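Please look over the sequence and structure shown here before reading the report that follows.

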Number of protein chains: 2
Amino acid sequence: MTVAASTRTDDIRAAALELFTRNGYTATTMADIGAAVGMRGPSLYKHVASKQDLLVQIMTGTMDALLAAHRAAVATTSDPVERLRRAVDAHVRYHARHRLEAFVGARELRSLAEPHREAVLRRRDEYERGFRGLVHDGAEAGRFRVQSVRLASYAILDLGMGIAAWYRADGELSENEVAWQYTEFALRLVGAG
Amino acid sequence: MTVAASTRTDDIRAAALELFTRNGYTATTMADIGAAVGMRGPSLYKHVASKQDLLVQIMTGTMDALLAAHRAAVATTSDPVERLRRAVDAHVRYHARHRLEAFVGARELRSLAEPHREAVLRRRDEYERGFRGLVHDGAEAGRFRVQSVRLASYAILDLGMGIAAWYRADGELSENEVAWQYTEFALRLVGAG
DNA sequence: CTCCCAGGCTAACAGTCATTAGCCCGCAGG
DNA sequence: CCTGCGGGCTAATGACTGTTAGCCTGGGAG
């Protein structure tokens, strides 16, 4: 049986994610991560390759998931306004649902060693270009009123990043409320309100 | 003569700010900072108290300046829409002009030791409440159409944070262009467009 | 019952840092 | 000329960290 494999490894990854988010990558020690899952630091090496590898897994996994969500969102319609609405919805929900991953993904790029950093950066650029394209198409079609496509898409992307910083699943604002409000914000922002 | 005091100390602070921004506080060594100003690590102690002190100066100085700019901006009028416009303008310009300070201020809170962290957090809360108040007043007066005052002010604040991440003084967008666009964004966002 | 090994542990290594101690040089004031 | 010292340097210290080596145990396979 090779089903439902390494719970242990997953636990470790989850603990690392939590600690990286709260204290940062460099300030988190292997001993800390071990303590969080009930073992000593060196024992972790029976399950993971290295501390850096833990970060790599988190960051590349995150970008892949985000890109996938984006592609799925824009593939469902060709109306520019609706495409942007769905992309923002996916963006916001991703940052709310995976706020730890998003948080670490945004803040620890500099802790990522070089073969991987470039790869993550490339995917992030691709994501950014995707949004810029959506805003551009909507403006082209006369559905948006924007002066700078670049500025507007930066603004929309930054809204999502912000969510990862303050959203709490057990807070007084539900994911739906946040998603609805923020898509509204984004559409108003590009003058499609 | 006690005029035009420590150029040396200022140079060191500037170099530290630059390095903290690019590599993060923990990843920056005293030797790095020293090299940036042309001396060895230990020599820095003839000018500054400690590495932590460097961070403290940067972060508290930043929050004070931001709060001062905010107060000055909202003191100049009592019209809710205009007050928000000016507050956002100050917010955006501050984050563009002092992007390094803003960047470090947002990202290195966790590296700040405890007497000071609390103090910075308190001032940040105060700043946040200021914006929330502006949005609330405008909504109360029927000039804004917002569902959640809190969400709208978070969104506006996050826009500024984003600027600190990508703005470059020598980029293709001038401070004025960014400021005008972003105040427009903020006003559209609260439905005052 | 025996054997194996997954998975934990401690000890040790090698490296990195912030910070301190103590030295020394050049120059400004007398 | 000398002397004090601002401000630089090297060496040393002490703490911490990621990672490796090697040991031990308990439970499942045969």
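## Contacts with DNA strand D

In this predicted model, a polar side-chain atom of B:His47 is placed 2.3 Å from a phosphate oxygen of DNA strand D. Chain A also reaches the backbone of this strand, since a polar side-chain atom of A:Lys51 lies 2.8 Å from a phosphate oxygen of DNA strand D. A base is approached as well: an N or O atom in the side chain of B:Lys46 is 2.7 Å from a base oxygen of DNA strand D.

Around DNA strand D there are 14 residues, of which A:Tyr45, B:Arg40, B:Ser43, B:Lys46 and B:His47 come nearest. Sorted by class, the surface near DNA strand D is made up of 5 nonpolar, 5 polar and 4 charged residues. On the side of the nucleic acid, 61% of the atoms of DNA strand D within 4 Å of the protein belong to sugar or phosphate, and the rest belong to bases.

## Contacts with DNA strand C

DNA strand C is surrounded by 14 residues, and the closest of them are A:Arg40, A:Ser43, A:Lys46, A:His47 and B:Tyr45. Of the atoms of DNA strand C that come within 4 Å of the protein, sugar and phosphate account for 60%. The residues of the surface near DNA strand C fall into 5 nonpolar, 5 polar and 4 charged.

Several individual atom pairs can be named at the phosphates of this strand. A polar side-chain atom of A:His47 lies 2.4 Å from a phosphate oxygen of DNA strand C, and a polar side-chain atom of B:Lys51 lies 2.9 Å from a phosphate oxygen of the strand. B:Met30 takes part through its backbone, with an N or O atom of that backbone 2.8 Å from a phosphate oxygen of DNA strand C.

## The interface between the chains

Between chain B and chain A, 35 residues of chain B are in contact with 35 residues of chain A. Together the two chains bury about 2800 Å², and 54% of this area is on carbon and sulfur atoms. Within the area that chain B buries against chain A, B:Arg110, B:Leu151 and B:Arg188 supply 26%, more than any other three residues.

## Helices 7 and 8 of chain B

Helix 7 of chain B covers residues 149–166, and its length can be checked against a rise of 1.5 Å a residue. Its 18 residues should therefore span 26 Å, and the C-alpha atoms at its ends are 27 Å apart, which agrees with that expectation. This helix is mostly covered, with 14 of its 18 residues buried.

B:Thr183 has its place in helix 8 of chain B, which comprises residues 175–189. Because its relative accessibility is 6%, and buried means under 20%, B:Thr183 counts as buried. When neighbours within four places in sequence are left aside, B:Thr183 is in contact with B:Arg85, B:Val88 and B:Asp89.

## Overall form of chain A

The secondary structure of chain A consists of 8 helices and 0 strands, so that, read from the N terminus, its elements run α-α-α-α-α-α-α-α. The C-alpha trace of chain A spans about 60 × 40 × 40 Å along its principal axes.

Of the 193 residues in chain A, 50% count as buried. Among the contacts in chain A with a separation of 6 or more, 68% are accounted for by residues 24 or more positions apart.

Note on methods. Residues are numbered from 1 along each chain as its sequence is written. Chains are lettered from A and ligands numbered from 1 in the order in which they are written. This is a predicted model: local features need pLDDT of at least 70, side-chain atom pairs count only at pLDDT 80 or more; totals for chains, interfaces and linings use all residues. Side-chain values use heavy atoms; hydrogens and water are left out. A residue is near a molecule or strand if one of its heavy atoms lies within 4 Å of it. A polar contact is a pair of N or O atoms within 3.5 Å; within protein, one must be able to donate a hydrogen and the other to accept it, and residues adjacent in sequence count only if both atoms are side-chain atoms. Ala, Val, Leu, Ile, Met, Phe, Trp, Tyr, Cys and Pro count as nonpolar, Asp, Glu, Lys and Arg as charged, and the others, Gly among them, as polar. Helices (H or I, at least four residues) and strands (E, at least two) are DSSP runs, numbered from the N terminus. The expected span of a helix is 1.5 Å times one less than its number of residues. Buried means under 20% relative accessible area, exposed over 50%, partly exposed in between (1.4 Å probe, protein chains only). Contact means heavy atoms within 4.5 Å. Buried area is the accessible area (1.4 Å probe) that two parts lose on being put together, summed over both.
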